Amino acid sequence: MNSTTRSKPKPKPAATAVKTKTANKTANKTANKTANKTANKTATNSANKTASNSAGTTGAAALERRPRASASRVSSTRQASFTVPTLSLEDGADVAERLQERLISLLDLSLTLKHIHWNVVGPNFIGVHEMLDPQHAGVQAMIDDLAERVATLGAVPSGLPGRIVDQRTWTDYDLDRADSIAHLGALDVVYQGVISDHRREIDEVDDLDPVSQDLLIGQAAILEKYHWMVRSHLADWAGGMSNAGADSELGAAQAVTNKSRSGTGSRSGRSADGRR
Ligand SMILES: [Fe+2]
């Protein structure tokens with residue numbers, strides 16, 4: 001399985017002034033999480049012990065063997081005995097796996113768009129808030145198309161929350177409540193990664209499945225339009241970008257925030273390759 005380029009190394013970077021989470025909040029959250037985890041673990045262990053005792057096994061063994069539905073005889077995640085006509089089962093499974101990765105990426109993007117929609121503040125609140133709803137709706141439609149293509153290829157699409165976290169190679173979006181310009185700076189980085197990954201897979205499935213490739217191409221065109229709408233808030237008349245040079249969400253948010261506070265234009269931030 002290829003890893004996506006929208007990857008930021010887990011663990012999460014430290015918060016900066018752009019981010020409004022407080023240290024206390026984080027500490028409380030961590031403490032609560034730990035307490036809940038301990039409580040849940042204890043409850044789970046007790047339940048497993050009870051189950052395993054009646055089955056004559058140890059608690060640890062029962063935990064390992066505890067069946068998810070997929071391991072039972074009523075559900076499966078295996079490739080079906082069919083795929084689309086003319087593709088081998090192996091190629092069908094390969095393409096489906098690539099589309100499943102794109103599915104996870106777009107699910108993450110759709111959640112991120114709503115997160116920004118809810119947490120954007122400042123003078124341009126309403127413009128950004130309202131711009132993101134159609135983008136979210138568009139990405140939702142792409143998600144459904146991708147998932148149904150995975151199923152058509154004979155594989156098992158999944159957008160369950162645990163699968164998103166397990167399969168993605170990046171951490172959560174880095175900003176919470178923040179100014180519109182900071183969110184847009186960070187969202188530019190998000191779209192950069194998602195679109196790059198879509199384009200990579202367009203190349204990868206070129207020889208395998210033109211129908212899946214066509215699906216990805218159509219989605220990339222729409223994603224690139226959404227990206228343009230975001231970038232237009234960060235660009236100036238000379239083509240520079242106010243988050244030039246930043247390669248992380250937090251770094252981009254910080255860069256555009258600094259620029260807007262200093263009141264300087266963004267032309268000087270244009271990078272050597274002319275893109276950012
Ligand atoms: Fe809303």
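Let's start with α3 and α6. Their axes come within 11 Å and cross at roughly 165 degrees. That makes α3 roughly antiparallel to α6. The crossing is left-handed. One caution before I go on: this is a predicted model.

Who makes the contact? From α3 we have R98, R102, S105, L109, T112 and I116. From α6 we have H183, L187, V190, V194, D197, H198, E201 and E204. By class, that contact divides into five nonpolar, four polar and five charged residues.

Stay on α3 for a moment. L99 sits in this helix. Is L99 buried or exposed? It is buried, because 27 other C-beta atoms lie within 10 Å, and the cut-off for buried is 20 or more. Leaving out residues up to four places away in sequence, L99 touches L146, R149, V150 and S212. L146, R149 and V150 are also on the list of buried residues of α4. There is a C-alpha pair to look at here too. L99 and P157 are 58 residues apart along the chain, and their C-alpha atoms are separated by 8.8 Å.

Now back to α6, and its other partner. α6 packs against helix α8, residues 249-262, at an angle of about 145 degrees. The axes are 7 Å apart. This crossing is right-handed. On the α6 side, the residues are I181, A182, G185, A186, D188, V189 and V190. On the α8 side, they are E249, A252, A253, A255, V256, T257 and S260. The class count is nine nonpolar, three polar and two charged. Note V190: it is in the contact with α8, and it is in the contact with α3.

Next, α4. It has 28 residues. From first C-alpha to last it reaches 41 Å, close to the 40 Å expected at 1.5 Å a residue. Which residues of α4 are buried? They are V128, M131, L132, Q135, V139, M142, I143, L146, R149 and V150. What covers them includes α3, β1, α6 and α7. Just after α4 comes G154, with a positive phi of about 95 degrees.

Take the pair α4 and α7. Helix α7 covers residues 210-231. The two pack at an angle of about 170 degrees, axes 11 Å apart. So α4 and α7 are roughly antiparallel to each other. α4 passes α7 in a left-handed crossing. The contact uses M131, Q135, G138, M142, D145 and R149 of α4. Opposite them are S212, L215, Q219, I222, Y226 and M229 of α7. By class, that is six nonpolar, four polar and two charged residues.

Zoom in on M142. It is in helix α4, residues 125-152. It counts as buried because it has 22 C-beta neighbours inside 10 Å. What does M142 contact, leaving aside its neighbours within four places in sequence? The answer is L106 and Q219. For Q219, there is a distance as well. M142 and Q219 are 77 residues apart along the chain. Their C-alpha atoms are separated by 6.7 Å.

Now an oddity in a loop. T86 lies between α2, residues 59-65, and α3. T86 has a positive phi of about 80 degrees, although it is not a glycine. Why flag that? Because most residues other than glycine have a negative phi. Is T86 buried or exposed? With 8 C-beta neighbours inside 10 Å, T86 counts as exposed; the cut-off there is 12 or fewer.

Last, the whole chain. How many helices and strands does the protein have? Eight helices and two strands. From the N terminus on, the order is α-α-α-β-α-α-β-α-α-α. Buried residues make up 33% of the 276 residues. Then the contacts. Take those with a separation of 6 or more. Of these, 75% are between residues 24 or more positions apart. M142 with Q219 is one such long-range case, at 77 residues apart.

To recap the three helix pairs. α3 with α6 is roughly antiparallel, with a left-handed crossing. α4 with α7 is roughly antiparallel, again crossing left-handed. α6 with α8 packs at about 145 degrees, and that crossing is right-handed.

Terms used
Residues numbered from 1 in each chain as written. Predicted model: local features only at pLDDT ≥ 70, side-chain atom pairs only at ≥ 80, totals over all residues. Helix = DSSP H or I, 4+ residues; strand = E, 2+ residues; numbered from the N terminus. Contact = placed C-beta atoms within 7 Å. Axes fitted to C-alpha atoms, helices over the stretch in contact; angles between N-to-C directions. Parallel < 35°, antiparallel > 145°, perpendicular 65-115°, else oblique. Left-handed = near helix turned anticlockwise from the far one by under 90°. Nonpolar A, V, L, I, M, F, W, Y, C, P; charged D, E, K, R; others polar. Expected span 1.5 Å × (residues − 1).
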